[in-house]
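Good morning, and thank you for coming. Please look at the sequence and the model on the screen.

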Amino acid sequence: MPHPNPLTKPAFLQKLQWVADPVSYMKSAARQYPDIFTAKIIGFGNTLVFVNHPEAIQEILTNDRKTFTAPGEKNTILQPILGDYSLIMLDGDRHRKRRQLVMPSFHGERMRAYGELIQDLTQKVFGQLPINQIFTAREVTQEISLQVILQTVFGVYDGERSQQLKKQLKVMADLFRSPVTSSFLFFSPLQKDLGAWSPWGKFLRDRQALDQLIYAEIAQRRQESPSSRTDILSLLMSAQDEMGNQMSDVELRDELMTLLFAGYETTATSLAWALYWIHQNPEIRDKLILELESLGDNPDSMSIFKLPYLTAVCNETLRICPVAMLTFPRVVQEENVELLGHPLEPKTVLVGCIFLTHQREELYPEPQQFKPERFLERQFSPYEFMPFGGGVRRCLGEALALFEMKLVLATILSHYQLALADTQKEVPKRRGVTLAPERGVKMVITKKPIFASPENA
Ligand code: HEM
């Protein structure tokens, strides 16, 4: 049975372009087949069906327990970083149970408890930046999101090991900062340890250094008596399966690594994009400031979270530059399955293409323009606007990511005046398996808060 709308470009060219310039690859494919096409790219087996039509995406994501499942084995591209026991590698019942265990840490009361931390960190990090000197927004937002995720994962966590862990996590994330270095994740023949100076050799050594830090933390926790700690490591360590077994050190390491990686790169990048778009458009910045001022002095974090225009700005940021281009793969499990009139064989691998869905002209007129108003003028379905995916693998950190984005932006805008320090446009470029602004968004602080300490003024 033929696959729907196969692209005719030679497979090796498709693979290269997908790794080197995924945005051009997706846009050119969608010009030919806007709703659904079959790609021959790398990282997902021989063929991968890209689905960009909201109705078809709905069909997949609302039936991804039975007709289209989400097998962990299809996510092996992340295995070198996350290991075999990460939630992302699990499926079925074990996957559901692990999600249930971890989910509450990123929602409700537990999440709200991070409000003050996020605002304080933002003040601290921005307070240290000198006035009128160029900084890279992505690096600064990374500092904030890294600290937030460390707190959720390890609880109150300070001292020498935490500093080393932060440093080592940054080193690892930066290994895949460009399309060229990202290619090591995609092309397995490049994954050869040719010594500490070879790219893969360096990756393996950096990973080992990070693992040692995580294992040392696990070992120390195992020595401590059970406490009332509510961080994720404590939760995972006290969990038992139906046979009464607890998680092994390797299982714990893989889960911690998953949450650390999934949680900080994505949010940091989205925040850098938000700062870029807000400062590209002075009117948008002014509107945001007016809205924030309407809350009076020292608003509480939930009032900030609920602000409609701030929400629209965050949504538009996640629409126009979704950090995750694709959902995780889903696989056809049954006979006689059709999507948009195309028959699909069992075992066909599909992804919802978040990037192309967000570029659909009929949903988002002038899709290249940053227009937060679209989100005030109409409601989009979860299959039209889906920066966090959907179905059984819907992002676990969605609530935390949005909460963090809004609080960081509100804190910056209420206290500092920033400007872009670059006349060139930022474009989305591959960074590992995500899309990030190519130059990281260069900015300057032009004015500090009136109440800043004398050395910062
Ligand atoms: C703006 C920030 C973020 C974006 C855009 C984002 C996006 C996504 C997307 C698109 C998926 C795949 C969903 C699917 O296949 O349907 C995903 C999964 C996931 N995300 Fe996020 N994410 C963000 C932040 C976070 C944070 C802060 C965490 C921290 C815990 C996190 C943890 C995860 C995990 C663990 C999964 C895998 C879920 C599973 O396999 O069941 N993400 N995310």
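I shall speak about the surroundings of the ligand and its iron atom.

This is a predicted model, in which local features need pLDDT of at least 70, side-chain atom pairs count only at pLDDT 80 or more, and totals for chains, interfaces and linings use all residues. Residues are numbered from 1 along each chain as its sequence is written, and side-chain values use heavy atoms, with hydrogens and water left out.

Let us begin with the iron. Its only protein donor is Cys395, through SG, at 2.3 Å; donors are N, O and S atoms within 2.8 Å of the metal (3.2 Å for Na, K and Ca), and water is not among the atoms, so sites may look incomplete. Cys395 sits in the loop between helix 18 (374–377) and helix 19 (398–415). Helices here are DSSP runs of H or I with at least four residues, numbered from the N terminus.

Which residues are closest to the ligand? They are His95, Arg99, Phe328, Arg393 and Cys395, out of 27 that surround the ligand. A residue counts as near if one of its heavy atoms lies within 4 Å. Helix 13 (249–280) supplies the largest share of this shell, six residues, while helix 5 (92–102) also supplies at least two.

Finally, the polar contacts, which are pairs of N or O atoms within 3.5 Å. A ligand oxygen atom lies 2.6 Å from a side-chain N or O atom of His95. For Arg393 the corresponding distance is 2.8 Å, and for Arg330 it is 3.0 Å.

Definitions and conventions. Polar contact = N/O pair within 3.5 Å; in protein donor to acceptor, adjacent residues only side chain to side chain.
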